[in-house]
Amino acid sequence: MSYINENFLDLQESYLFSTIAKKVEEFTKKHPEKKIIKLGIGDVTRPIVPTVVEAMKKAADEMGKKETFRGYGPEQGYDFLREKIVEFDYKKRGIDIQKDEIFVSDGAKCDTGNIGEIFSTNNTVAITDPVYPVYLDTNIMAGRKNIIYIPATSENKFVPDLPKEKVDMIYLCFPNNPTGTVLTKDQLKVWVDYARNNKSVILFDSAYEAFITEENVPHSIYEIEGAKEVAIEFRSFSKTAGFTGVRCAYTVVPKELKGYTKDGKEVELNKLWNRRQCTKFNGVPYLTQKAAEAMYTEKGMEEIKENIQYYLENARIIREGLQEAGFTVYGGVNAPYIWLKVPKGHTSWSFFDELLENAGVVGTPGVGFGEHGEGYFRLTAFGSRENTIEAIQRIILDSRK
Ligand code: PLP
């Protein structure tokens with residue numbers, strides 16, 4: 001008999017995006033003449049920049065020639081890319097990260113989801129709420145029962161309080177999805193200090209690092225003193241360079257970072273993650289890594305910056321437009337997400353319905369990201385400029401009715 005992993009039965013059914021799709025379909029059937037603008041899903045719309053496309057083509061040509069064909073690459077990623085990451089993402093910010101602390105992968109989703117494999121299922125886990133759902137669901141799949149939710153709402157200005165109890169693993173995501181908010185260096189230091197005092201590990205997801213515009217917002221957790229002893233950092237090229245369909249990311253596991261056996265012996269987490277990746281992962285395609293490498297050229301960086309500016313300008317349009325319409329809004333300054341408070345008397349879902357009905361705009365109900373997301377709503381800046389402007393004009397018009 002094939003017994004199943006019953007932890008899967010403990011997962012909450014995710015109705016969020018299927019319910020949204022169903023509601024949109026019903027609306028379209030009822031009003032086929034109305035144009036719907038979707039500012040809900042977190043996928044990008046800008047194409048991959050020319051310098052990166054060129055690098056991909058060149059790599060494809062190499063793969064077609066006997067002399068330059070490549071088969072399996074290193075599981076941890078090619079040196080040419082790891083060296084660029086070390087140089088541009090860390091050394092330039094005064095952070096000392098070594099090449100063999102970088103693990104190139106096919107996505108931050110997989111990495112944040114798989115990292116739990118190197119930790120005990122008895123660990124207590126702290127997860128902020130609302131949250132990117134991967135952290136919670138993968139811990140439930142693994143059978144971790146001790147999960148503590150830490151609210152991040154307007155009441156605490158989206159700065160999660162330290163847990164009252166001792167936790168072993170902490171998931172932090174900044175700039176945050178869904179709230180679009182950030183922590184300052186001092187605020188992040190509080191968590192690093194907590195982790196150092198409690199021998200916990202921080203799993204720091206900075207998939208949206210490229211959108212940071214303000215000073216004093218750390219781009220990497222390793223900007224905080226002592227963080228290399230307690231933190232794993234996840235980065236992604238998905239939103240930075242339109243790689244949601246190409247798939248490339250990386251994870252940093254510093255050598256100073258230790259986990260513990262039951263009898264208190266220290267073990268290097270870098271070694272465990274390396275072992276896990278070598279056993280279960282066969283590396284990112286050469287083409288993809290060559291494409292990622294091209295982002296670090298002068299021209300590549302310029303082109304990518306332009307795309308990021310485009311999305312940030314969309315974010316500004318949404319944020320200021322919503323404020324004009326009388327909404328209370330958060331995020332959108334250092335992130336492509338705008339998190340708004342739904343008007344009094346509404347729930348996240350009733351506001352979704354009203355926005356669809358009256359403005360033909362689709363967003364994401366906050367409660368879909370956790371209990372503490374109730375009463376909020378997420379709009380994304382990843383749409384086209386025209387659609388973003390039109391959506392906001394419609395919302396403003398509707399608010400004046
Ligand atoms: N982490 C966060 C917080 C995200 O919002 C996303 C994507 O939406 C990811 C990770 C996934 O990144 P990737 O495309 O590299 O798997």
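This short talk goes through two sheets of the structure and the helices that lie against them.

Before I start, please keep in mind that this is a predicted model, in which local features need pLDDT of at least 70 and side-chain atom pairs count only at pLDDT 80 or more, while totals for chains, interfaces and linings use all residues. Residues are numbered from 1 along each chain as its sequence is written, and side-chain values use heavy atoms, with hydrogens and water left out.

Let me begin with the sheet of 7 strands, which is open, has mixed pairing and follows the order 2-8-7-6-5-3-4. When I say strand or helix, I mean a DSSP run numbered from the N terminus, with helices being H or I of at least four residues and strands being E of at least two, and two strands pair if DSSP finds at least two bridges between them. Strand 2 and strand 4 (147-151) each have a single partner strand and stand at the edges, so one side of each is left without a neighbour in the sheet. From one strand to the next the twist averages 20°, where axes are lines fitted to C-alpha atoms, for helices over the stretch in contact, and angles run from 0 to 180 degrees between N-to-C directions.

Which residues of strand 7 lie on each side, and are they buried or exposed? Strand 7 covers residues 231-236, and 6 of its 6 residues are buried, with buried meaning under 20% relative accessible area, exposed over 50% and partly exposed in between, for a 1.4 Å probe and protein chains only. A231, E233 and R235 point to one side and I232, F234 and S236 to the other, and both faces are covered.

As for its neighbours, strand 7 runs parallel to strand 6 (residues 201-205), to which 4 bridges join it, and there A231 stands opposite I202. With strand 8 (residues 249-252) the pairing is antiparallel, again over 4 bridges; F234 has T251 as its bridge partner, and R235 has Y250.

Strand 8 is in turn joined to strand 2 by 4 bridges in the antiparallel sense, with V252 as the bridge partner of I102. Strand 2 (residues 102-105) also has both faces covered, since I102 and V104 on one side and F103 and S105 on the other are all buried.

Now to the helices, and to helix 3 (residues 79-90) with helix 9 (residues 286-294), which pack at an angle of about 30° with their axes 9 Å apart. They are therefore roughly parallel to each other, a label for angles under 35 degrees, with over 145 counting as roughly antiparallel, 65 to 115 as roughly perpendicular and the rest as oblique. Helix 3 contributes F80, L81 and K84, and helix 9 contributes Y286, Q289, K290, A292 and E293, contact meaning heavy atoms within 4.5 Å.

Finally, the other sheet is open and antiparallel, with 4 strands in the order 11-12-15-14. Strand 11 (329-331) and strand 14 (364-365) are its edges, each with a single partner strand, so one side of each lacks a neighbour in the sheet. Strand 12 (residues 337-341) and strand 15 (residues 376-380) run antiparallel and are joined by 5 bridges, with I338 opposite L379. Helix 10 (residues 298-324) lies across strand 11, strand 12 and strand 15, and runs at about 15° to strand 12.
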